[in-house]
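Hi,

Please take a look at the structure below. My notes on what turned up in it follow.

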Amino acid sequence: MKVLVIGGGTGGLALAHGLKRAGIGVTVFERDELRTDGLHGYRVGIDPDGSRALHALLPADLYDTFVATKARDPKYFTMLTEDLKEVLSFDLPESTGPVESEKSISRMTLRQVLLTGLDDVVEFGKEFTRFEQHGDQVTAYFADGTQATGDLLVAADGSGSRVRRQYLPQAKTEETGIIAIAGKLPITAESAKLVPPKVFEGISMVNAPHGLACILHVMEFQWDRDGNVKSGIGGNTEELIRRWPGLQFDNTRDYINWGLSATRDTMPGNIMELRGQELIDVALRLTPHWHPNLRRLFELADPGTCFPVNIWTSVPLEPWQTTNVTLLGDAIHTMTPGRGVGANTALRDAVNLCRQLIEVRDGRQELIPAVRAYEAKMIEYGFDAVLKSRAQMTSDDPVYKPVIGRLALAGMRTAMRAVNHLPPVKRRMRDSMLAYRGADRDELALEISPAPTAR
């Protein structure tokens, strides 16, 4: 069996690791020209679902490296006003182990971890153009004139998936009406003092009038520029990081990142064309009455790290007829960052698809029924996540409306302040959030055994 994976993102690379370990032939075709082209992006929260999937798919030593290269764990989730006044805050549980925990990961670091050990699997500079199905085989064609044929083609090429456009033209994506501006700044003596201790040690959300919102993450890592582990870290971790070949491609430094979002009609008409200092200026114009410390965070952002994001979402669709082409991650269920589960859902896809293909490898299942079983499960949880994520981030929300928006915001703040003074209710809210992100879910356990030896 030969699997062709289009796209070297989180889900596609994780799947490739699992298939390689299972002895299933796999090639990943990545549009980027070089491994270093993917060094972009900010924080991604890997929840227990994502951790279990990576633990199942990656070699044990590489999973250990993934854990060693995470940022320190967030201690709090806090909701704030634009004056930096606390509305709601609850403690996040301490890590109970390397798998069953929430992790703050740099997207660029995660990409380099996932590329480690796949030198013989990933082909760079391969821009997918189309595919053709002929009998039990499928052929992918690329812009450089080359082609590749296999038994299964997996679309892992993101929200703008060319595979999806050809294969499922009825699958639609649509704008949510929300635009975000992202930026980051290094942690320095000045910047570290701009936020309260709970913000510095946690994940924080500012909700403000006119539908403005801002998420804040503080990312502190265990290693320095030369791969030396900072003081107080165990020797085993230091050795893992020193020996990790991906370190030479990683440029992560301790930083604070922010994402300011609002409805499109609040932003300049040409917002998607702006870059750098122009975006910082927009953030400052939108927030004239915000706390000076928050505005200073915007001012200190490195202009080279600022970019606009148009928030899109998939439109759920009915199951389709299964063939030897399938999809995972954003290629089929693009979702808003409202619930923070996009990457984790892609990883959930990868481990579930890998499980089904191992069934095919071992002769317990034919390919098409195996893919159908994967798709049935993926469609259910994937589009459920799409709908719940959209509910958290759409311009249809009353908070964005001109008149009732202030009333909706005031009502939300009043309710959250009440919960903040009711520890049992607050714990239930926290536990519900963690349960949605995979706490105590066991479906992603997978033991990858070697292919049976022919007799």
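Start with one salt bridge. The side chains of Lys-70 and Asp-73 meet there, with N and O 2.9 Å apart. Keep in mind that this is a predicted model. How exposed are the two partners? Lys-70 counts as buried, at 13% relative accessibility. Asp-73 is partly exposed, with a relative accessible area of 24%. The cut-off for buried is under 20%, so Lys-70 falls below it and Asp-73 does not.

Now look at Arg-72. Its side chain meets that of Glu-220 in a salt bridge, 2.6 Å from N to O. This pair links distant parts of the chain, 148 residues apart. Glu-220 sits in the loop between strand 14 (213-219) and helix 8 (235-243). Arg-72 sits in the loop between helix 3 (60-68) and strand 4 (76-80). Glu-220 is partly exposed, with a relative accessible area of 23%. Arg-72 is also partly exposed, with a value of 23%.

Some salt bridges share partners. They join Asp-49, Arg-52, Glu-100 and Arg-348 into one network.

How many salt bridges are there by this rule? The count comes to 22. One of them is formed by Arg-111 and Asp-32, whose closest N and O atoms are 3.2 Å apart. Arg-111 lies in helix 4 (residues 107-115) and Asp-32 in the loop between strand 2 (25-29) and strand 3 (43-46), so this pair ties together parts that are 79 residues apart in sequence. Arg-111 is buried, with a relative accessible area of 12%.

Next, two polar residues that are buried.

Thr-334 is in the loop between helix 11 (330-333) and helix 12 (342-361). It counts as buried, at 6% relative accessibility. What does its side chain reach? It reaches the backbone oxygen of Asp-330, at 2.8 Å. Leaving out residues up to four places away in sequence, Thr-334 touches Ser-159, Trp-312, Thr-313, Ser-314 and Val-386.

Asn-310 belongs to strand 16 (residues 307-314). It is buried too, with a relative accessible area of 17%. Its side chain makes a polar contact of 3.0 Å with the side chain of Glu-175. Glu-175 is also among the residues that Asn-310 touches, not counting those up to four places away in sequence. The others in that list are Ile-178, Ile-179, Arg-264 and Met-272.

On to the cysteines. How many disulfides does the structure hold? The number is 0. Take Cys-214. The closest cysteine sulfur to its own is in Cys-306, 12 Å away, which is too far for a bond. A disulfide needs the two sulfur atoms within 2.5 Å, so this pair does not qualify. Cys-214 is buried, with a relative accessible area of 0%. Cys-354 is buried as well, with a value of 0%.

Then there are the helices. Helix 13 covers residues 367-391, which makes 25 residues. At 1.5 Å a residue, this helix should span 36 Å. Its end C-alpha atoms are 36 Å apart, so the expected span and the model agree. Helix 13 also bends, by about 25° at Met-378.

Gly-411 is in helix 14 (residues 404-420). It counts as partly exposed, at 39% relative accessibility. Compare its position with that of Ala-16. The two are 395 residues apart along the chain, and their C-alpha atoms are separated by 47 Å.

Last, a point about backbone angles. Most residues other than glycine have a negative phi. Which residues go the other way? Leu-84 is not a glycine, yet it has a positive phi of about 65°. His-210 is not a glycine either, and its phi is positive at about 70°.

Where are they? Leu-84 is in the loop between strand 4 and strand 5 (86-91). His-210 is in the loop between strand 13 (202-207) and strand 14. Are they buried or exposed? Leu-84 is buried, with a relative accessible area of 15%. His-210 is exposed, with a relative accessible area of 60%.

Best wishes

Methods
Residues are numbered from 1 along each chain as its sequence is written. This is a predicted model: local features need pLDDT of at least 70, side-chain atom pairs count only at pLDDT 80 or more; totals for chains, interfaces and linings use all residues. Side-chain values use heavy atoms; hydrogens and water are left out. A salt bridge is a side-chain nitrogen of Lys or Arg within 4 Å of a carboxyl oxygen of Asp or Glu. Helices (H or I, at least four residues) and strands (E, at least two) are DSSP runs, numbered from the N terminus. Buried means under 20% relative accessible area, exposed over 50%, partly exposed in between (1.4 Å probe, protein chains only). A polar contact is a pair of N or O atoms within 3.5 Å; within protein, one must be able to donate a hydrogen and the other to accept it, and residues adjacent in sequence count only if both atoms are side-chain atoms. Contact means heavy atoms within 4.5 Å. The expected span of a helix is 1.5 Å times one less than its number of residues. The bend at a residue is the angle between axes fitted to the seven residues ending there and the seven starting there.
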